[in-house]
Each structure stands twice: as C-alpha cells, then as structure tokens.
Amino acid sequence: NRLFLLTIGWLVFTLLWPRYVSFRLPGVPDILPGRVLFGLLLVMWIFLLVNSKTLWADFAAVVRRHRFVFGIFFAYVALRLLSAVFSRYFVNSAYVLLNELLTYFPLIAIGAIVFSTAERLRYLMMAFAGTAIALGALGVMEAALGKNIFAAYLPGFFSLSSEYLEQIVQEKIRGGSYRVQGTFGHPLLYAQFLLFATPFVALFLNPERKFRSFLILLALAVIGVAVVRSGSRSAVIGAVIVGMLWLALALFGQIIAKTTSRMSWLALFAVPLVLTSAVLIALQSTDYVIGRDRAEYNSSNARVEMYLKGFEVTSESPAVGHGPGLAIELMGFVGTGGVRTLDSYYVSVMVESGFLAISAFLLFGISGALVAAKVGLTSRSAFNRAVGRSIACAIVGVMLMCSILSTPHNLPFYFLLIGVSLALKQVDENDARESA
C-alpha cells in the first residue's frame with residue numbers, strides 16, 4: 001500500500017509541479033517535489049526488496065510469466081552495460097547507466113507488482129486521466145495569455161532550474177505562434193505526455209452515462225487544442241495515429257467479445273471506415289510532415305540529417321556503440337543559442353549502444369504494447385479491455401514521439417506502464433478464473 005501511494009504521489013507531483021521551477025539551496029541539487037517523492041519510492045523499493053521474501057517471490061513469478069518481455073529488457077540492459085564498459089569516458093557513461101537502472105528497472109517491477117489488482121489499476125488510470133485534463137486546461141490558458149504562467153509569476157524563493165530551461169521558457173515562438181509547455185521543460189515534452197495520457201481520458205467514455213461522456217469529450221477537445229498549440233507536428237500526427245489505433249482496438253474487441261449482435265455488426269461495418277479514414281489522413285498529412293513553412297521544413301531536414309549521421313556514427317562501433325551519455329557530443333548538432341541538441345531518443349540509444357541495443361529497446365516497447373493489446377481485444381471484462389487498449393495506445397504514443405525527441409523526462413511513465421501491462425494481464429487471468 002505504501003508503494004502504491006508513493007507511486008501515485010510521485011506521478012501526480014511530477015506532472016503537476018513545473019519541472020523548471022525548483023527550491024534552490026546552496027550546495028544541494030535543485031529540490032523538486034517529484035524528485036523527493038521518487039527518492040522515497042526508490043528507497044522503500046530497495047528496502048522491501050532486501051527485507052521481503054514475498055516481494056522477491058512476486059517479482060520472480062512476474063519474470064517467469066513474462067520471460068520474453070523481461071528477456072528483451074535484460075538483453076537491453078546488458079548491451080547498455082557493455083557499451084559503458086567499452087566507453088572512452090567510462091565514468092560518465094557509468095553514471096548515465098546507473099541513473100537509468102535506478103529509474104527504469106524499479107518502475108517496471110513496481111508497475112508489474114503493485115498494480116496487480118483492478119482497484120489499483122483504476123486509480124492509476126484516474127491519476128493519468130486527471131493530470132492530462134488539468135494539463136490540457138493549463139495549456140489552453142497559457143496559450144490564451146501568450147506567456148508561461150509559472151515563469152511569469154515566479155515568487156522570489158523559487159528559481160528556474162537552469163539557464164537552458166530559462167531560455168526555453170522565454171523563446172518559444174514558432175511561425176509567429178506561441179508554443180505552450182505547461183509544467184514541462186519543453187513544448188515537445190508537454191505534447192508527448194498529452195499524447196501518452198489521452199487514451200486514459202478516453203477510457204472513461206461510457207455511452208450509458210451521457211453527461212460524463214459529454215464532459216470527457218469536452219476534455220479531449222481541450223487536450224487536442226493544447227497539443228496543437230504546443231507547436232508539435234509529430235504530436236498532432238501521433239494523436240491521429242493513436243486515435244485510429246484506439247478506435248480499431250475498441251471495434252475489434254467489440255467483435256471478439258460479441259456482447260450484442262447489433263454492436264458486433266456495427267463494429268464490423270465501422271472497421272473499413274476507420275481504415276479508409278486512416279489512409280486518407282495519411283495522404284493529406286504529407287505537407288504537415290515535410291513542413292508548412294521554412295522553419296518547419298528546416299526542422300524536418302535536420303531530423304533526417306540526424307538519422308543519417310546517427311547510422312554513420314554507429315557504424316564505427318556497431319556492436320556496442322560509443323557509450324551511454326555521449327550521443328549528443330558525437331553527433332555535433334547545435335540548436336538555438338548554441339546549445340547542443342539531438343532530436344531522437346532512438347538515435348541516442350543507437351549511437352551510444354549499437355544496433356542490437358536499439359533493436360532490443362524497440363522490441364521491448366512493442367512487446368509491452370502487444371501484451372496490453374491482447375487483453376484489450378480478448379478479455380471478457382469490458383473494463384479490462386478498455387484499460388488494455390488504452391495502455392497499448394499510450395505506449396505507442398510515447399514510441400512515436402521518441403522518434404523526434406531525445407529528452408527522456410517522460411520515459412519513467414513509459415517503463416512504469418509496460419510493467420502495468422504485465423499486471424493487467426495477471427488481473428485479467430484472475431478475473432477469468434473467478435468467473436469460470
């Protein structure tokens with residue numbers, strides 16, 4: 001229960017507290033509520049892991065049930081470790097790798113073990129949905145004001161976390177339009193999270209509760225406006241893809257479940273409509289992908305160049321890469337204000353740890369999405385199906401945005417959710433045994 005409460009608290013505070021606003025004391029790192037709560041969560045997890053045989057048994061059981069998923073993850077970790085060992089800057093690479101291990105691995109395990117009941121799953125879905133709605137509303141308000149709310153009215157005892165984030169807060173104009181960022185350090189991170197969390201808002205749509213469904217649709221519209229005003233073309237395109245995937249999983253799940261013959265036939269006729277719409281949208285989105293003005297066109301070209309150079313740099317050490325934490329220096333791209341930049345997490349992993357590591361990373365995300373999608377299609381429980389398709393779509397949303405964003409600030413939620421997908425499968429199997 002304490003792990004559950006700390007996880008929910010960490011999630012809510014990390015999302016709703018501005019990441020670029022911190023308490024600053026002499027001689028200590030920036031103090032953020034989410035960072036403090038995650039430290040407590042990590043300490044409690046390690047303490048319980050050392051002292052609780054039950055927790056070890058539960059974790060071992062999860063690993064046995066999902067050998068393929070954890071096998072991919074452990075292979076990814078091994079490849080990252082190997083790249084750190086052979087890195088020219090071992091200390092720096094080892095520090096980056098240790099930070100990843102202390103962040104991602106515990107969250108996968110916590111997601112798989114702590115959220116293994118339907119009640120806790122529901123609370124987690126509510127936390128993601130509630131924060132997404134709040135952040136969407138905040139983004140619309142920020143767009144209306146044309147300035148960052150928190151940075152504009154910052155009390156004296158707070159400070160921006162760094163000069164780099166301060167620059168982002170002050171210079172966020174693209175094509176004459178202000179780019180909203182909410183509580184996140186960059187508009188792209190804000191858009192990535194909204195894309196990630198929107199399926200959990202849609203999860204609470206219920207045709208039998210018309211007023212609640214109306215409010216949910218209104219919230220989805222607000223979130224959509226916030227995504228557009230973030231200035232992220234990738235998030236807009238990703239929202240269309242994720243929306244189509246969510247609808248397709250819902251329709252096919254309805255057919256497989258056969259809850260009513262009328263709904264099954266309706267779903268059957270709706271599937272070709274969804275697929276046709278997806279093709280038409282793809283054909284119409286070419287200009288959006290390439291760029292509608294010179295700034296967007298240059299941005300798209302720069303990302304293509306990053307991928308091409310990423311393959312070139314990785315080919316110099318294809319098996320183990322050059323070491324964690326070194327991609328941005330090796331690539332050498334410089335953005336606004338002379339700050340080094342790299343616009344793809346996949347390129348970062350590929351350059352740092354080689355072709356096998358990026359393959360393992362992608363396969364790990366896909367395997368987690370497939371576990372959730374299977375529940376979303378085949379579960380006898382309507383709630384489990386809704387949660388499954390929402391988790392699958394959320395994972396896909398993050399993976400899409402990682403192709404144009406290297407900053408890993410939202411990845412902890414991604415790894416947590418892959419663990420939760422494994423917990424959902426266990427919950428669904430338990431429900432099936434109880435109803436048999």
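## Phe150 and its surroundings

Phe150 lies in helix α7. In this predicted model, Phe150 is partly exposed, since its relative accessible area of 29% falls between the limits of 20% for buried and 50% for exposed residues. Leaving aside neighbours within four places in sequence, the contacts of Phe150 are Pro18, Tyr20, Val21, Leu138, Gly182 and Thr183. One of these, Val21, is 129 residues from Phe150 in sequence, yet the two C-alpha atoms are 7.8 Å apart in space.

## Overall architecture

The protein has 19 helices and four strands. Of its 436 residues, 50% count as buried. The accessible surface amounts to about 20,600 Å², and carbon and sulfur atoms account for 68% of that area.

When contacts between residues at least 6 apart in sequence are considered, 75% of them join residues at least 24 apart. The Phe150–Val21 pair, with the two positions 129 residues apart in sequence numbering, illustrates how separated parts of the chain are brought together in space.

## Two buried loop residues

Asn148 is placed in the loop between α6 and α7 (149–152). With a relative accessible area of 4%, Asn148 is buried, because the limit for that class is 20%. Asn148 and Arg179 are separated by 31 residues in sequence and by 9.5 Å in space, C-alpha to C-alpha.

Ser230 belongs to the loop between α10 (210–229) and α11. Its relative accessible area is 0%, so Ser230 is also buried. Beyond residues up to four places away in sequence, Ser230 touches Arg179, Val180, Pro187, Tyr190 and Ala191.

## Helix α11

Helix α11 covers residues 233–257, and at 1.5 Å a residue its 25 residues should span 36 Å. The C-alpha atoms at its ends are 36 Å apart, which agrees with that expectation.

The buried residues of α11 are Arg233, Ala235, Val236, Gly238, Val242, Trp246, Ala248, Leu249, Ala250, Leu251, Gly253 and Gln254. An α-helix has 3.6 residues a turn, so residues three or four places apart point the same way. Trp246 of this helix has a charged partner as well: the charged end of Arg389 sits over its ring, 4.8 Å from the centre.

## Aromatic and charge–ring contacts

The structure holds 29 aromatic pairs. One of them is formed by Phe4 and Phe115 in an edge-to-face arrangement, with 5.8 Å from centre to centre and 70° between the planes. This pair links distant parts of the chain, 111 residues apart: Phe4 is in helix α1 (residues 2–16), whereas Phe115 is in the loop between α5 (90–114) and α6 (118–145). Phe4 and Phe115 are both buried.

A charge is also found over the ring of Phe383, where the charged end of Arg122 sits 4.2 Å from the ring centre.

## Nonpolar cores

In soluble globular proteins, nonpolar side chains tend to be buried together. The largest nonpolar core here has 109 residues, among which Phe193 and Phe196 touch the most other members. Not counting residues up to four places away in sequence, Phe196 touches Phe128, Ala394, Val398, Phe413, Tyr414 and Leu417.

A second core, separate from the largest, consists of seven residues, including Met306, Val313, Met331 and Val347.

Conventions: Residues numbered from 1 in each chain as written. Predicted model: local features only at pLDDT ≥ 70, side-chain atom pairs only at ≥ 80, totals over all residues. Heavy atoms only, no water. Buried < 20%, exposed > 50% of the residue type's maximum accessible area, 1.4 Å probe, protein only. Contact = heavy atoms within 4.5 Å. Areas by Shrake-Rupley, 256 points an atom, 1.4 Å probe, with all protein chains shown as cover. Expected span 1.5 Å × (residues − 1). Phe/Tyr/Trp six-rings, centres within 6.5 Å; stacked < 30°, edge-to-face > 60°. Lys NZ or Arg CZ within 6 Å of the ring centre and 35° of its normal. Core = buried A, V, L, I, M, F, W, Y, C linked by side-chain atoms within 4.5 Å.
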